[in-house]
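Trainee: I would like to learn how to read cysteines and sheets in a model. Where do we start?

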Amino acid sequence: MTKAPPRPELLAPAGDEVSLRAAVAAGADAVYFGLRGGFNARARADNFAVADLPRIFDFLRARGVKGFVTFNTLVFDRELPVAEAALADIARAGADAILVQDLGIARLAHEVCPELPLHASTQMTVSSAEAAAIAKSLGVTRVVLPRELSIDEIRTMAMGTDLELECFVHGALCVSWSGQCLTSEALQHRSANRGQCAQSCRMPYDLVVDGKVETARGDEQLKYLLSPRDLAAYDLLPQLIDAGVCCFKIEGRMKGPEYVANAVEKYRRALDAALEHRPYPLQKRDEEELRYSFSRSFSHGFFRGSDHQALVHGLYPGHRGVLVGRVEEVHARAGRVVVRAEPDAPELKAGDRILFDQGKPEDDEPRGGLHACDVVAPGLLRMLFGGPDQGSLDLRLVKAGDVVWKAKDAEVTRKMKRVAARERKVGLTLSVRGAAGTALIITARDDLGRAARVESAMPLQPARANPLHEGLVREKLCAFGETGFELRRLELELEGALALPPSELKRLRRAVAPRADRTGPGRRGRTASRKRLSWCPEADPVAPHPRPGGGRAATRFRRAATRFHGAGRPERGRRTGARQGRQGHRRHPARAEAG
């Protein structure tokens, strides 16, 4: 039977190393990321080079954080030799698990490294106990649930399987079942199942009924008929834990470190409170802060059941933030806009980013940094622009009646940068024991289960003056400074008034931290087989591609292997078709900011 983690995990996205470090600093239990060159569903993220994996996993393991590698695209037969070599490299580097969509890759990974845990990607569409049984037969140990399942359906599935269950709790939702969208490939020759999603669901569409264009819900502004709101389930964590979920996943490998730090910090507090049966800790301000990082408006997705009218509002496909109100007057030359504020409008201050919504998200909407804001009458705000943060805002484009959003909060951005820059340390419990005539014995145990023991080089002496006390021990022995440790608890057991030179206490401190760091398991590199499998009988045992020769197919093979095993940038999707070519010259707000 698969053993579930002793404590449910918080899993964070990492599109690059800066975001990975932000996730760790904010409190993630695990991170997931893809590799450059292919085989991951976010090919346009910065991603990671195979050569960097040992260093990345060493960094994570030193802080007690797991690292999962996404290998979650469909793989063509001609790519199998490269995929086999890549799987072997991932295993040797010490990955804690890989995420797979392709059933063949699941089988291959289990052949290459049976010890490497396999997680079924949400795109494998394992939505029942029967499907989980098939996944388990392929070596899968955890299932990432489709986002279309309700809490009740998750509970039913959990009762029928012993596999670990992981679910998304925050971020973008795909309009297709379990992310298996074919629209991007059909319209723009960019396969979402190959990591090149063009976000066709974020485009405007007409509603055609019996050959006639109709108005959706009687509102002509509703054009984004396939664009769901974002998922935000921070208040549902207790119910999901009760249903059997063991890992809570945040979406967003295409987003930056401030988004990652913000989401992880909020969900860390919510999850800890749920696990410790404490009152729900997040307030209205916390939800606001999440909206400033990225929001198409929040929803519970399908956790409460299907409600398509609530899931898709149809008004816009990209980031908005928090609603402020509507424009009443524009004085472009004076750099001033008068706004009728909503009753629960957020506080505005210099540096906040303001967006003017004119009902045409596909165009470049007016937006810019706020210089100042005054309350001129109850419910009436005067916004001043023209400072260095204004950017390219042209107030002549702003019209009375425009909807005003606070898209970014300057203080939240600064706060999350501070969170992302923190150094995450491992808690250390020190037990200090001794008696006159014996050595001072220090036993250290850290939060990762590692332990170390050191003794003083000289025996303790009866104190004539200034005996050892807790304050002195904390000052000289527990000041770990720039090491990777911080004191969690000090246990002091000294028999009588004892003395030891402060210099010896400092020496013991310098000795105990490195020993604790070395005693636990390092990077858990796994043994991976290099079999000459049937699809590559002529494969070089060193190179992951065929020997020279073989024409254009072999050349493509070598290029694919070079992209994957080198540090090259991910291959960008080709723009094809007249419609997409026209759109390629302007910045689509949803495409630029969506995850």
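Mentor: Start with one residue. This is a predicted model. Cysteine 197 has a relative accessible area of 25%, so this residue is partly exposed.

Trainee: Which cysteine sulfur is closest to that of cysteine 197?

Mentor: First the general idea. A disulfide is a covalent bond between the sulfur atoms of two cysteines. Here the closest sulfur to that of cysteine 197 belongs to cysteine 181, 6.0 Å away. That is too far for a bond, because the cut-off is 2.5 Å.

Trainee: Is cysteine 246 buried or exposed?

Mentor: Buried, because its relative accessibility is 6%. Its closest cysteine sulfur is in cysteine 247, at 6.0 Å. Again, that is too far for a bond.

Trainee: How many disulfides does a search of the whole structure find?

Mentor: Zero.

Trainee: Now the sheet. What is the order of the strands?

Mentor: Read across the open sheet: S16-S15-S19-S13-S14-S18-S17. These seven strands pair in the antiparallel sense.

Trainee: Which strands stand at the edges?

Mentor: S16 (367–369) and S17 (372–377). Each has a single partner strand, so one side of each lacks a neighbour in the sheet. From one strand to the next, the twist averages 35°.

Trainee: What packs on the sheet?

Mentor: Helix H10, residues 284–293. H10 touches strands S13 (322–331) and S19 (403–408). The direction of H10 makes about 90° with that of S19.

Trainee: How many bridges join S15 and S16?

Mentor: Three, in the antiparallel sense; S15 covers residues 353–357. Look for leucine 355, opposite arginine 367 in S16.

Notes
Residues numbered from 1 in each chain as written. Predicted model: local features only at pLDDT ≥ 70, side-chain atom pairs only at ≥ 80, totals over all residues. Heavy atoms only, no water. Pairing = 2+ DSSP bridges. Helix = DSSP H or I, 4+ residues; strand = E, 2+ residues; numbered from the N terminus. Axes fitted to C-alpha atoms, helices over the stretch in contact; angles between N-to-C directions. Contact = heavy atoms within 4.5 Å. Buried < 20%, exposed > 50% of the residue type's maximum accessible area, 1.4 Å probe, protein only.
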